[in-house]
Every structure is written in C-alpha cells, then in structure tokens.
Amino acid sequence: MCTFSFRCLIIIESYEADLAAHCSLKGAVGAVLLDHPDRSFAIEASLDLIKGSEFFSQRPPTHFHIQDEYVEVTQGKLIVEADGQERVLTAADGRVVIKPYEHHSLYPIAREKQDDGVTVVKFLLSGEITDSVFELNPVFFENWYKYQDEVVVKGKKVILIQVLSTFDAGGTYITLPKWFGPCKHVVAIALGVVVGRWIGGLLGYQPFYKEWTTDWELACRKMETSLFQRRFADRSKGK
C-alpha cells in the first residue's frame with residue numbers, strides 16, 4: 001500500500017521507441033524519447049550510478065507540476081520523495097501516479113543499496129495530456145537537462161530567472177518554504193509566470209534554445225503563444 005497521497009497502479013502499457021536519444025551530466029543521465037498516443041511526453045530514462053557518482057549525491061530540486069506525471073521503474077531502485085515522504089520504487093510497484101501540485105523529486109538510491117550487479121537505474125516517465133500550452137513535454141526535458149550540463153558540468157552560475165523560465169514552459173514550479181502556507185502553490189506559479197515568463201522574456205531569457213532542442217518547430221509554437229517570448233520563435237535558426 002502506498003504511504004503517499006499519489007496512487008500506485010500496476011499497469012502494462014505499450015510504448016514505441018523513437019529515434020531521439022539524449023545524454024547529459026557526462027553520460028550519467030540518458031533519455032530515449034518514446035511515442036505514446038495518450039501522453040504529452042514519454043521517455044525511458046536511465047541513471048548510470050558509476051558515471052553519476054559525483055552528481056547523484058545531491059538531490060534534485062523539489063518541485064510540482066500542473067498535470068499527472070507517471071513513473072514506472074523497470075530496473076534498479078528509485079526514490080520518489082513526495083510531500084516530505086520517501087518511498088523506494090522497484091519494477092514490482094508498477095506505475096506510480098504523482099498528482100498535480102504534489103511537491104516531489106526523483107533520484108536513484110545509492111549504488112551500495114541497489115541489488116547486486118545493478119549499476120544503472122531505468123524507469124519510464126510520462127505525463128498526461130492537458131489543454132495547457134506549457135506542460136511537461138520533450139522540449140522542456142531537453143532544455144532542462146542541457147541547462148544542468150551548463151551549471152553542473154561546465155561550472156556556470158545558476159541564474160534563477162532562467163530556471164523559472166524553463167520550468168514555467170514545462171508546467172513546472174519550484175517548491176517554496178512552508179512558511180508561505182496555503183498560498184505557496186499560487187506564489188510559485190506567479191513567480192514562474194511573472195518572473196520567468198514575463199520579466200525573463202523582456203530580459204532575453206528564453207525557455208527553449210535551438211542548440212538544445214530537437215523539435216524546434218514545437219518550441220517555436222509554444223513560445224509564440226506568449227507576448228513576451230514570441231520574439232524568440234525564429235524558425236530561421238532551424239535551417
């Protein structure tokens with residue numbers, strides 16, 4: 001039985017592999033884009049515990065989405081932390097649903113606590129289709145992980161406006177301190193929209209960058225919906 005408020009379901013689904021594969025953090029994180037007709041995105045993620053030993057010791061930022069996110073471990077053990085509670089997921093748990101507005105993060109359990117011989121954790125990650133232009137999608141994941149490369153691998157400074165801009169474009173928002181109380185979701189979304197999308201757009205921060213994006217046409221269509229970002233939707237960059 002789940003101790004979290006999100007639902008656990010054991011469901012077998014059909015995914016078809018796409019040709020696009022991506023790696024980041026010196027090959028520690030890999031992702032293969034999958035085709036799923038009922039999802040806004042679907043990827044098979046792999047976390048190499050040997051290559052990522054220097055990265056996975058730090059937990060990723062806690063955040064929330066505006067749509068259902070689905071996680072299904074296929075190899076190894078993955079920690080899902082949701083609303084302050086931790087649970088170790090394995091293939092036996094089937095698909096886990098993280099509900100909208102649940103504060104969460106995902107990261108692999110330490111290598112010494114994995115089953116013998118397991119050095120790579122694999123899981124399927126996908127999101128429900130919504131009516132929102134800015135939702136979880138492959139373009140968001142590509143740009144988010146490439147930005148992490150810039151910071152973690154190349155040592156560039158974290159720019160909060162850039163983080164908020166990219167997060168907002170993926171329907172993702174940072175978790176604020178508890179003292180924000182019941183308003184923390186509203187404030188977090190406002191920060192993403194006002195600071196990330198509006199102010200960031202005026203200052204030249206793009207949610208998506210051509211050099212990090214496979215489907216630049218999709219990125220352009222999304223940016224064109226915002227008055228503050230449509231100037232970045234330059235299709236000539238894709239030629």
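A residue is taken as buried when its relative accessible area is under 20%. By this cut-off Glu142, at 8% relative accessibility, counts as buried. The model in which Glu142 is described here is a predicted one, and Glu142 lies in helix H1. Its contacts, apart from residues up to four places away in sequence, are with His22, Trp212, Thr213, Thr214 and Asp215. The side chains of Glu142 and Thr214 are joined by a polar contact of 2.4 Å. The C-alpha atoms of these two residues are 8.0 Å apart, while 72 residues separate them in sequence.

The chain as a whole has 239 residues, of which 51% are buried. Its secondary structure consists of 4 helices and 12 strands. Of the contacts between residues at least 6 apart in sequence, 68% join residues at least 24 apart.

Nonpolar side chains in soluble globular proteins tend to be buried together. In the present model the largest nonpolar core comprises 50 residues, and the members that touch the most others are Val71, Phe123, Leu125 and Phe208. Helix H1 gives the most to this core, with 6 residues. For Phe123, the contacts beyond four places in sequence are with Ile43, Glu44, Ala45, Leu47, Val71, Glu72, Val73, Thr74, Leu78 and Leu106. Val71, itself one of the core members with the most contacts to other members, is thus among the residues that Phe123 touches.

The largest pocket holds about 1000 Å³ of space. It is lined by 46 residues, and those closest to its centre are Pro60, Pro61, Trp144, Tyr145 and Gln148. Helix H1, which spans residues 138-153, gives the most to this lining, with 11 residues. Sorted by class, the lining comprises 31 nonpolar, 10 polar and 5 charged residues. Helix H1 therefore gives the most both to the lining of the largest pocket and to the largest nonpolar core, as counted over helices and strands defined as DSSP runs.

Helix H2 covers residues 160-169, and because 9 of its 10 residues are buried, the helix is largely enclosed by the rest of the structure. The buried residues are Ile161, Gln162, Val163, Leu164, Ser165, Thr166, Phe167, Asp168 and Ala169. They pack against E5, H1, strand E12 (172-174) and helix H3 (184-203).

The segment that follows H2 contains two glycines of note. Gly170 is placed in the loop between H2 and E12 and is buried, with 0% relative accessibility. Leaving out residues up to four places away in sequence, Gly170 touches Phe134, Glu135, Leu136 and Phe140. Between Gly170 and Val139 the C-alpha to C-alpha distance is 8.3 Å, at a separation of 31 residues in sequence. Gly171, just after H2, takes a positive phi of about 60 degrees.

Most residues other than glycine have a negative phi. Lys26, although not a glycine, has a positive phi of about 60 degrees. This residue lies in the loop between strand E2 (16-24) and strand E3 (29-35). Lys26 is exposed, with a relative accessibility of 55%. Tyr101, also a residue other than glycine, has a positive phi near 75 degrees. Tyr101 is found in the loop between strand E9 (95-98) and strand E10 (104-108). At 37% relative accessibility, Tyr101 counts as partly exposed.

A further loop residue, Gln67, is located between strand E5 (63-65) and strand E6 (69-75). Gln67 has a relative accessible area of 1% and is therefore buried. Its side chain makes polar contacts with the backbone at two positions. The backbone oxygen of Glu128 is reached at 2.7 Å by the side chain of Gln67. A polar atom of the same side chain also lies 2.7 Å from the backbone nitrogen of Leu136. Beyond its neighbours within four places in sequence, Gln67 is in contact with Ser40, Ile98, Lys99, Pro100, Gly127, Glu128, Thr130, Glu135 and Leu136. Glu135 and Leu136, listed here among the contacts of Gln67, are also touched by Gly170.

Note on methods:
Residues are numbered from 1 along each chain as its sequence is written. This is a predicted model: local features need pLDDT of at least 70, side-chain atom pairs count only at pLDDT 80 or more; totals for chains, interfaces and linings use all residues. Side-chain values use heavy atoms; hydrogens and water are left out. On a 1 Å grid over the protein atoms alone, a cavity is a set of points where a 1.4 Å probe fits but cannot get out, and a pocket is an open set with protein on both sides within 12 Å along at least five of seven lines; lining residues have an atom within 4 Å of a point. Grid points are joined across faces, edges and corners, and a volume is the space filled by probe spheres set on the points. Ala, Val, Leu, Ile, Met, Phe, Trp, Tyr, Cys and Pro count as nonpolar, Asp, Glu, Lys and Arg as charged, and the others, Gly among them, as polar. Buried means under 20% relative accessible area, exposed over 50%, partly exposed in between (1.4 Å probe, protein chains only). A polar contact is a pair of N or O atoms within 3.5 Å; within protein, one must be able to donate a hydrogen and the other to accept it, and residues adjacent in sequence count only if both atoms are side-chain atoms. Contact means heavy atoms within 4.5 Å. A nonpolar core is a set of buried Ala, Val, Leu, Ile, Met, Phe, Trp, Tyr and Cys residues joined through side-chain atoms within 4.5 Å.
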